[in-house]
Structure formats: structure tokens, C-alpha cells
Amino acid sequence: PMARFLLGVWGTQLLMVLAYMTLLRLFTDRRPWEFLTSTGPLWATTVATTSSLASLSVALEMAEKIKLPRPVYSFTLPLGAQINKDGTSIMLSAVLIFTAQAAGIDFTITQTATILLVGLLLSEGSGGIPGGGLVIALIFVRAFNLPLEVAAIVGGIYRLVDMGNTTTNVMGDMVGTAIVAHSEAGNLNAQATS
């Protein structure tokens, strides 16, 4: 069950990364593979530290390296490190569903939608520190009156989950920054020609 849980979380986070790469390709002139390879030290940092805040300084360096405008990235990357937690919200929903299944509880479609919405909102309150998402996950499980001891089992493999959380979170910040930078460049070019 834990292997299935981990593969489910990683698979969903991979889908989120693919969505980010699609957005990058659609809304900028950057190629996803080049973007990923040129910012490689950032992904190594997110996996090693499992901390959005510890990865922020490397994200700022990588934004400079790939020639994103400083006025854009100096605002969007710190903001994203605090409020963009897509990887964490995926994990929160997965922990809750895992715990419910282990306890023999089934959710309706409406309840599942509520879980996803509450998970998205709760993830914004998690700290950008290693293990911060696990604390929020336990609060989330408790809010739905599910057994904490089942959810606590995830703590044994949480480092593996958190690597994906952090990478997904920071990738969203970088792609969002690239999109904003591209749109701002288009706006400046339009103003210059008028």
C-alpha cells in the first residue's frame, strides 16, 4: 500500500510538471527541455533540501542565469515560495484518501471535491521547510475525523514524498515567472511601438 501511495503521489506530481511544461511552451518562447536542463542546479537543490525557502536563493540565481528580468523574478519567486504549493496540495489529498481507504471509509464525488479544495487552501499555510507539509497533512486528516495513526505511517517515507512536493512547488514558481516575464516583454514591446 505504501508503494502504491508513493507511486500515486509521484505520478500526480509528474502530471503537474507536464502541465507546467505545456504552459511554458504555450505562453513563452522557451523549450521545456532546455528550460529544465539550464535550471538543473535548482532541481538538485529542491530534491536535496526539500525546502522551498532554502531553494529560493538558487531559484533567484537560475532566473538570472536564464535571463529573466530582475524586477519580475525578484517579486514572483519569493511570492511563489510562500503561496504556490501545488505539490503539497497533491500530497495532502493523497494522504487523506490513503488514510480513509485504510480506515475503510469511502468518499462521494462531492466529498472528494471538498477534500481537493480544502487541501489546496491548507497547502498555502504550510511552511517552506522540510517536513512542513506533514504537519499540515496530520491537521487535515484530523479535520476529517480520520485516524491519525494511519496518516502518521506516511511520516516514514515522507522525505521521498517531500522531494516531489518541493520540486513541483518551485517548478510552478519558475514557470510562472517565465510566463509573466514573457508577457511583460510583450507589453513593453507593444508600448515601444505605439
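**Exercise 1. Locate N145 and describe its backbone and its exposure.**

*Solution.* N145 sits in the loop joining α8 (132-143) to α9 (148-152), where helices are DSSP runs of H or I with at least four residues, numbered from the N terminus. The model is predicted: local features need pLDDT of at least 70 and side-chain atom pairs count only at pLDDT 80 or more, whereas totals for chains, interfaces and linings use all residues. Residues are numbered from 1 along each chain as its sequence is written, and side-chain values use heavy atoms, with hydrogens and water left out. Turning to the backbone, N145 has a positive phi of about 55° although it is not a glycine. Its relative accessibility is 63%, so N145 counts as exposed (over 50% relative accessible area; buried is under 20% and partly exposed lies in between, with a 1.4 Å probe and protein chains only).

**Exercise 2. Determine where T50 lies and whether T50 is buried or exposed.**

*Solution.* T50 belongs to the loop between α3 (40-49) and α4 (52-65). Its phi is positive, about 45°, although T50 is not a glycine. With a relative accessible area of 1%, T50 is buried.

**Exercise 3. Compare the expected span of helix α6 with the distance between its end C-alpha atoms.**

*Solution.* The expected span is 1.5 Å times one less than the number of residues. For the 17 residues of α6 (residues 86-102) this should give 24 Å, and the end C-alpha atoms are 24 Å apart, which agrees. Next, consider burial: 14 of the 17 residues are buried, so α6 is largely enclosed by the rest of the structure. T99 lies in this helix and, at 0% relative accessibility, counts as buried. Leaving aside neighbours within four places in sequence, T99 is in contact (heavy atoms within 4.5 Å) with V141, L146, P147, V150 and A151. Just after α6, G104 takes a positive phi of about 75°.

**Exercise 4. State which helices have the lowest and the highest mean pLDDT.**

*Solution.* pLDDT is the predictor's confidence in each residue, from 0 to 100. The chain averages 89, and 94% of the residues score at least 70. Among the elements of the chain, α7 (residues 109-123) has the lowest mean, 82, and α2 (residues 32-38) the highest, 97.

**Exercise 5. Place L7 in its helix and give its exposure.**

*Solution.* L7 is found in helix α1 (residues 2-27). Its relative accessible area is 58%, and L7 is therefore exposed.

Key:
Helices (H or I, at least four residues) and strands (E, at least two) are DSSP runs, numbered from the N terminus.
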